[in-house]
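User: Please take me through this model one question at a time, with the reasoning set out before each result.

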Protein chains: 2
Amino acid sequence: MALDRLIEAIKRTGNPSVVGLDPRLEYIPDFIVNKAFKEQGETLQGAAAAILEFNKGLIDAVCDIVPAVKPQAAYYEMYGWAGVRVLAETISYAKTKGMFVITDGKRNDIGSTMEAYAAAHLGVTRVGSSEIAAFGADALTVNGYLGTDGILPLLEVCKAFDTGIFVLVKTSNPSSKELQDNLIDGLPVYMKMGRLCERWGEQLPGKYGYSGVGAVVGATWPDQLKELRSALPATFFLVPGYGAQGGGAADIAGAFDKNGMGAIINSSRAVLCAWKKEGCDPKDYAGAARREALRMKNDITAVIR
Amino acid sequence: MALDRLIEAIKRTGNPSVVGLDPRLEYIPDFIVNKAFKEQGETLQGAAAAILEFNKGLIDAVCDIVPAVKPQAAYYEMYGWAGVRVLAETISYAKTKGMFVITDGKRNDIGSTMEAYAAAHLGVTRVGSSEIAAFGADALTVNGYLGTDGILPLLEVCKAFDTGIFVLVKTSNPSSKELQDNLIDGLPVYMKMGRLCERWGEQLPGKYGYSGVGAVVGATWPDQLKELRSALPATFFLVPGYGAQGGGAADIAGAFDKNGMGAIINSSRAVLCAWKKEGCDPKDYAGAARREALRMKNDITAVIR
């Protein structure tokens, strides 16, 4: 089961963190961008080429110390089909380096259309007599607003292709309370969604007690993290909002179980832009990313030990 | 304002319907698929080429009688970056034929990432000193589970680029009731989401009384359609679920206001696969789509007059 592989990668690296690959052009050193523009022009293809080189450098720099990467689909879509091609190439490259890849797409739709998203990101697409993995991630973030029949098609594909999902439960942004904190029969919406994750997860049991249906819970809500950790014993958490969005190491302690497992903490901007913050030679952007990833690892593991 | 343009196109054609471009390979006549495979192999590129030719034929056949098309992103993503390129090419082609294009992507994320989706689908992406429209739709469907700060970045882009959004309110699938029908302070979740649409829409007022923030409400829920029409006077409805999902013309009558405006009804499979149902020469697939689109127009306009 896919999240078993994630858990094993976390154990191997001793690092429950994931690097978010959200490559805005302004995060990329000029020497990379200028080279790409020189070769391909100030075009979407040029931007995409710069992103791919940047991503590869980051992956090379952290693949032995970080178990997973999380490319955010939006930052690739904004560069059109050329950007989306680089999303696929980034996923493929990270997998060849042994990393677990979570595509952050927050996809959602009704059953028949969700089958298409499942094929795209977590399975294969049939073309004539061939079956082709269009993107081939290990896991995909999804939005459960549509309910069970938008999720079941994913579970079938996850079973067949050893992949997993993370369902939005309590998002890191301030307005998440507008809908997610409202009470339904005395329970907040996020808890209702979390319980659906536990139920959906029964179809993808894992050998370490966590199912193949994880939940996204923001680092910016430490009380809810604790509450959800206790209420959802079989649901692994993907935790965004650490670092740039304001969540600190103390805030995410509650995401982990008594064995220090059960969650993976995402950091995007702090790692991608570490070279700017350090003020180091931009050519050393990947080294700076590695140093920040190690700093983050120490920061997180200090609170869960 | 973008939805003013949609309303004008509906008035011009006398047809409040939209053709959903959800092009599964099995909907496409063999003569198109075989030609594409012969030229490009049984590859994602071959599949994408077949989809583009199919879509262009459909658009040519209906562009004078149907005001809008709604390509569903999932069916393009499943063919990888080649499919996503055809999504962009389909959008561009439909616009040159004067059609209003709604990309059905149900995108959602926190503010900074939603800015990237907004740039991708509803605005432009800055690359060096250039600004490039990556996909360039007139409107995008979005999921509001994350609340206001996931929506505001879209509204800024909509203002700047004359584009609009449709927020999921009450989806057409059976499980939509799991979350969406629950009561929060006596009001169903879908009504709470609908009221947020009215509030968000205040920032994009339109000249026909409808804002640039529309709502997705399924044809499969006629009572809720009526209830929401009455409660959300400034919110234009995009109504899926007509036809293949079971909603009939009588079911969607409540989506319209007293002037017969305020909604657009989607049909995908019935139009795309009309050639199969008719049993006509597959070479006449586009003619069959046109006949079905006219039949649907008559079906819908009969109940709103």
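User: How many residues of chain A are in contact with chain B, and which element of chain A supplies the largest share of that side?
Analyst: This is a predicted model, in which local features need pLDDT of at least 70 and side-chain atom pairs count only at pLDDT 80 or more, whereas totals for chains, interfaces and linings use all residues. Residues are numbered from 1 along each chain as its sequence is written, with chains lettered from A and ligands numbered from 1 in the order in which they are written. Taking two residues to be in contact if their C-beta atoms, placed from the backbone, lie within 7 Å, 55 residues of chain B are met by 56 residues of chain A. The largest share of that side of chain A, six residues, comes from α6(A).

User: How do the residues of the side of chain A that touches chain B divide into nonpolar, polar and charged?
Analyst: Here Ala, Val, Leu, Ile, Met, Phe, Trp, Tyr, Cys and Pro count as nonpolar, Asp, Glu, Lys and Arg as charged, and the others, Gly among them, as polar. On that basis the side of chain A that touches chain B holds 27 nonpolar, 21 polar and eight charged residues.

User: What turn lays chain A on chain B, and how are the two copies related?
Analyst: The copies are superposed by least squares on the C-alpha atoms of residues with pLDDT of at least 70 in both, and chain A can then be laid on chain B with an RMSD of 0.0 Å by a turn of 180° and a shift of 0.0 Å along the axis. The two copies are thus related as by a two-fold rotation axis. Because 98% of the interface residues of chain A are also interface residues in chain B, the copies meet through the same surface.

User: What radius of gyration does chain A have, and what share of its residues is buried?
Analyst: Taken over C-alpha atoms, and with the globule rule of 2.2 Å times the number of residues to the power 0.38, a compact globule of 305 residues would have a radius of gyration near 19 Å, and chain A agrees with its 19 Å. A residue is called buried if 20 or more other C-beta atoms lie within 10 Å of its own, exposed if 12 or fewer, and partly exposed in between, with C-beta atoms placed from the backbone. By that count, the buried share of the 305 residues in chain A is 62%.

User: Which residues of α10(B) are buried, and which are exposed on the other side?
Analyst: Helices (H or I, at least four residues) and strands (E, at least two) are DSSP runs, numbered from the N terminus, and α10 of chain B spans residues 222-231, with B:Gln224, B:Leu225, B:Leu228 and B:Arg229 buried. Judged by the directions from the helix axis to the C-beta atoms, these buried residues fall within an arc of 135°, so they line one face of α10(B). Their cover includes β7, α9, β10 and α11 of chain B, while the residues exposed on the other side of α10(B) are B:Asp223 and B:Ser230.

User: Is A:Gly201 buried or exposed, and which residues does A:Gly201 touch?
Analyst: A:Gly201 belongs to helix α9 of chain A, and it counts as buried because it has 25 C-beta neighbours inside 10 Å. A:Val213 is 12 residues apart from A:Gly201 in sequence and 4.9 Å apart in space, C-alpha to C-alpha. Not counting residues up to four places away in sequence, A:Gly201 touches A:Ser211, A:Gly212, A:Val213, A:Ala234 and A:Thr235.
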